[in-house]
Amino acid sequence: MIAGKRRVVEEDMKEKEAEVRLHILGARGSVPTDGEEYRIFGGATSCVYLEWNDARIILDAGSGLLRLKDQNMERALPWYLFLSHYHSDHLLGLPMWKPMYDRRFKLTVCGADFQMPPKNAIDALMREPLWPVGEEAFLANIAFRQLSGAFPLAGGGPVAECMRAKHPGGVALYRFSGGGKRVVYATDCELDDKSEKELKEFAKNADIIILDAQYLPQEYTKFRGFGHNAIARACRLLNELGPGIGLLFHHAPEHEDELLLSLEREYRQNNENADIRFARAGEVITL
Ligand SMILES: [Zn+2]
Ligand SMILES: [Zn+2]
């Protein structure tokens, strides 16, 4: 083979680096909040949006989903929604999200195989007495999928994988890898020694980890077993996993900006190896 041709073949074989942009649309836990005291970190519940080459990936459908406006939708691209679990703060944006009523919009909704099928959970949310219509009211072209192993996404998207973690009713943590990039979404997961070890393995070499960090120490003592982490424990894990960006997620509804800013300053001083901060609704990170 001539030298030039060999070089072209070798370059083709190398994985092309993925273009990834991550948008925090909602980072509040449990219930949406509102008011001046939530201006910096936001009041909308869990929703993260990933542009990964041509794949469009939404992580959870909390009220933050409504920030993803209809006029920005690129209908020809492959769209995916990954649901961590079906607690209402992770689903409540869906009934009022306009693309769900657009016949031209195609979406694959994914849950994990150890959970109830996502179609049933969404139907329960949409039906009386919670909502008056049922899942059949959606006009979009929706496919449902329950992940058991690796799931390669279309449009040059990553391979999606999930891990079961501790939360009332169970929760799926997701890992997206491809084109030299890795993103891990781990909300509503209460760490214990076993799951911390598993998550460390799962999140190894991630460029960014979004991790549940809801409680102050005194709150954790009171709410142990509710399925969320003390902020200090989440920081410790992120620091051990570093380098990479660690985003503390699922902020308690009563934690106002001033408190989160002062905690962030304090933890960042003590965790120099990783870029650890509280997720801010509206922030965009290019990987
Ligand atoms: Zn939650
Ligand atoms: Zn939950």
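Author: Donors are N, O and S atoms within 2.8 Å of the metal (3.2 Å for Na, K and Ca); water is not among the atoms, so sites may look incomplete. This is a predicted model, in which local features need pLDDT of at least 70, side-chain atom pairs count only at pLDDT 80 or more, and totals for chains, interfaces and linings use all residues. Residues are numbered from 1 along each chain as its sequence is written, and side-chain values use heavy atoms, with hydrogens and water left out.

Reader: How far apart are the zinc ion (ligand 1) and the zinc ion (ligand 2), and which residue coordinates both?

Author: They are 3.6 Å apart, and the residue coordinating both is Asp 188.

Reader: Which protein donors does the zinc ion (ligand 1) have?

Author: Asp 89 (OD), His 90 (NE2), Asp 188 (OD) and His 250 (NE2) serve as its protein donors, at 2.1 to 2.3 Å. Their spacing in sequence is D-H-x97-D-x61-H.

Reader: Turning to His 90, where is it found?

Author: His 90 belongs to the loop between strand S4 (79-82) and strand S5 (106-112); strands (E, at least two residues) are DSSP runs, numbered from the N terminus.

Reader: Is His 90 buried or exposed?

Author: His 90 is buried, its relative accessible area being 0%. Buried means under 20% relative accessible area, exposed over 50%, and partly exposed in between (1.4 Å probe, protein chains only).

Reader: And what about Asp 188, buried or not: what is its relative accessibility?

Author: Asp 188 has 1% relative accessibility and therefore counts as buried.

Note on methods. Chains are lettered from A and ligands numbered from 1 in the order in which they are written. Helices (H or I, at least four residues) and strands (E, at least two) are DSSP runs, numbered from the N terminus.
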